[in-house]
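Please open the model in a viewer and keep the sequence panel visible. The tour below proceeds by selections, each followed by an account of what is found there.

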Amino acid sequence: MAISSGWPIQPSAPSGAATIGQPVLSIENLSVHIGPARILQEVTLQVPRAGTLGIVGESGCGKSTLLRAVLGILPGGATVPKGAILFDGEDILTDCAATVRGRIGYVPQDPYLSLNPVFRAGDQIFEVMRRHAKGSRADHKAKLIELLRAVQLPDPEAALRKYPHQFSGGQRQRLLIAAALACDPALVVADEPTTALDVTTQREILGLLRQLTVERGLSLLFVTHDFGVLAAVCDRVAVLYAGQVVEHGPTRAVLDDPQHPYARMLLACHPDRATDLGGIPGTVPAATAQPPGCRFHPRCPLARAACAEAPPPMLPLGAGRSVACPFHAEAFARA
Ligand SMILES: Nc1ncnc2c1ncn2[C@@H]1O[C@H](COP(=O)(O)OP(=O)(O)OP(=O)(O)O)[C@@H](O)[C@H]1O
């Protein structure tokens with residue numbers, strides 16, 4: 001059974017937009033360690049200009065760490081033994097990080113925790129614009145009012161003077177989307193931006209995000225653990241397991257016919273498809289105890305000795321798809 005987004009279908013990106021020119025963001029062989037935790041291993045991904053890439057994976061697979069690396073806010077003690085993150089050709093991991101960061105908008109996960117309760121909403125966004133956007137305060141105000149209209153927040157003038165507690169959760173998330181767009185970013189990074197919201201508000205916010213990215217030609221890097229949300233928002237998807245990308249391709253193709261054993265088993269657990277509640281045998285390894293080779297091999301029904309020896313290369317499958325498993329075509333029975 002196909003996984004439906006459950007959300008109203010939103011306008012899709014202009015034809016061919018996902019493949020135009022250089023990617024806006026290119027993550028190349030990125031490994032991130034924090035102390036003994038080997039969190040990301042040789043992650044390679046691209047966000048197309050005016051395209052949307054979703055990162056999907058279970059809790060603890062490294063989604064937030066990947067976003068933090070892109071935003072230049074890895075925690076103290078983090079090291080990057082390998083790799084690069086190129087934004088418009090500039091390496092975010094080097095000194096130009098501060099300049100680059102102003103051109104990346106961020107929509108956080110929890111609208112209740114992301115605004116300072118003691119400052120007016122407008123002042124908090126003006127402060128970000130003062131640091132990163134050109135123009136006077138009057139220019140910023142005109143721009144912000146236009147954005148608050150675009151995110152469909154009623155009475156934008158009054159909204160600027162309100163404190164965070166005077167908004168609902170959905171309204172706060174609209175405010176945060178406006179804030180993310182305030183400095184004219186080329187890329188918006190969103191970290192599960194609807195998990196704290198009720199289902200109806202989730203639909204509205206996802207629809208809005210999709211509409212704004214299409215209308216404004218923005219690129220979107222979107223993290224979620226929810227395949228339905230992914231189907232609603234993202235043109236392309238990368239499936240992450242224990243810090244390794246195991247499959248990458250157009251969202252519809254991956255959801256309809258996943259190739260990596262992990263992606264197949266994960267999708268089989270989705271409520272739209274599940275025939276039992278068996279789940280995937282075993283547990284996700286701790287970041288301090290990652291198995292060698294393919295990190296999924298201890299749980300994989302197709303595993304053999306070679307899988308424990310070295311991480312499998314990404315194999316191109318055509319039509320923009322790739323999978324990190326040389327045995328992906330073999331059928332398996334779920335344990
Ligand atoms: N500061 C840290 N120090 C040590 N280990 C960390 C640190 N931050 C994260 N980790 C570990 O890195 C792994 C990935 O964590 P991360 O938060 O990136 O995953 P995630 O996919 O975003 O999870 P969730 O969906 O639950 O937010 C986990 O095993 C986590 O315990």
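Two strands are taken to pair if DSSP finds at least two bridges between them. With that criterion in mind, select L53, which stands opposite R236 in β9. The coordinates on display belong to a predicted model.

**The central strand of the first selection**

Extend the selection to strand β3, residues 52-56, and add strand β9, residues 236-241; the two run parallel and are joined by 4 bridges. Within this pairing, G54 has V237 of β9 as its bridge partner. Next add β8, which also runs parallel to β3 and is joined to it by 5 bridges. Here V56 has T224 in β8 as its bridge partner. As general background, strands of a sheet pair through backbone hydrogen bonds, either parallel or antiparallel.

Now colour β3 by burial. A residue counts as buried if 20 or more other C-beta atoms lie within 10 Å of its own. By that criterion 5 of the 5 residues of β3 are buried, so the strand is largely enclosed by the rest of the structure. In a regular strand the side chains alternate between the two faces of the sheet. In β3, T52, G54 and V56 lie on one side and L53 and I55 on the other, and both faces are covered.

**The whole sheet and the helix across it**

Widen the view to the open sheet of 8 strands, whose order is β6-β7-β8-β3-β9-β10-β12-β11 and whose pairing is mixed. Which strands stand at the edges? They are β6 (104-107) and β11 (315-318); each has a single partner strand, so one side of each is left without a neighbour in the sheet. Neighbouring strands of this sheet are turned against each other by 20° on average, with direction ignored.

Select helix α1, residues 63-71, next. It lies across β3, β6, β7 (187-191), β8 (219-224) and β9. Relative to β7, helix α1 runs at about 150°.

**A covered helix**

Move to helix α10, residues 261-268, where 6 of the 8 residues are buried and the helix is mostly covered. To display the buried set, select P261, Y262, A263, M265, L266 and L267. Then show what covers them: the elements include α8 (227-233), β9, β10 (244-250) and α9 (251-256).

**Two packed helices**

Two packed helices are described by the angle between their axes and the distance between the axes. Select α3 (residues 121-132) and α4 (residues 137-150), which pack at an angle of about 120° with their axes 10 Å apart. The two helices are therefore oblique to each other. The crossing in which α3 passes α4 is right-handed. To view the contact itself, select G122, I125, F126 and M129 in α3 together with R137, H140 and L144 in α4. These contact residues divide into 4 nonpolar, 2 polar and 1 charged.

Remain in α4 and select L148. Is L148 buried or exposed? With 24 other C-beta atoms within 10 Å, L148 is buried. Leaving aside neighbours within four places in sequence, its contacts are L153, P156, A159 and A178. Add I177 as well: its C-alpha atom is separated from that of L148 by 9.0 Å, although the two residues are 29 residues apart along the chain.

Continue to the loop between α4 and α5 (156-161), where Q152 is found. Most residues other than glycine have a negative phi, and most peptide bonds are trans. Q152, which is not a glycine, has a positive phi of about 60°. Q152 is exposed, with 12 other C-beta atoms within 10 Å.

**The second sheet**

Finally, select the open sheet of 4 strands, ordered β2-β1-β4-β5 with antiparallel pairing. Its edge strands are β2 (37-47) and β5 (90-91), each of which pairs on one side only. Between them, examine β1 (residues 25-34) and β4 (residues 78-87), which run antiparallel and are joined by 7 bridges. In this pairing I34 stands opposite A78 in β4.

The last stop is D88, in the loop between β4 and β5. The phi of D88 is near 50°, a positive value in a residue other than glycine. With 15 other C-beta atoms within 10 Å, D88 is partly exposed.

Technical notes
Residues are numbered from 1 along each chain as its sequence is written. This is a predicted model: local features need pLDDT of at least 70, side-chain atom pairs count only at pLDDT 80 or more; totals for chains, interfaces and linings use all residues. Axes are lines fitted to C-alpha atoms, for helices over the stretch in contact, and angles run from 0 to 180 degrees between N-to-C directions. Angles under 35 degrees count as roughly parallel, over 145 as roughly antiparallel, 65 to 115 as roughly perpendicular and the rest as oblique. A crossing is left-handed if the near helix is turned anticlockwise from the far one by less than a right angle, and right-handed if clockwise. Two residues are in contact if their C-beta atoms, placed from the backbone, lie within 7 Å. Ala, Val, Leu, Ile, Met, Phe, Trp, Tyr, Cys and Pro count as nonpolar, Asp, Glu, Lys and Arg as charged, and the others, Gly among them, as polar.
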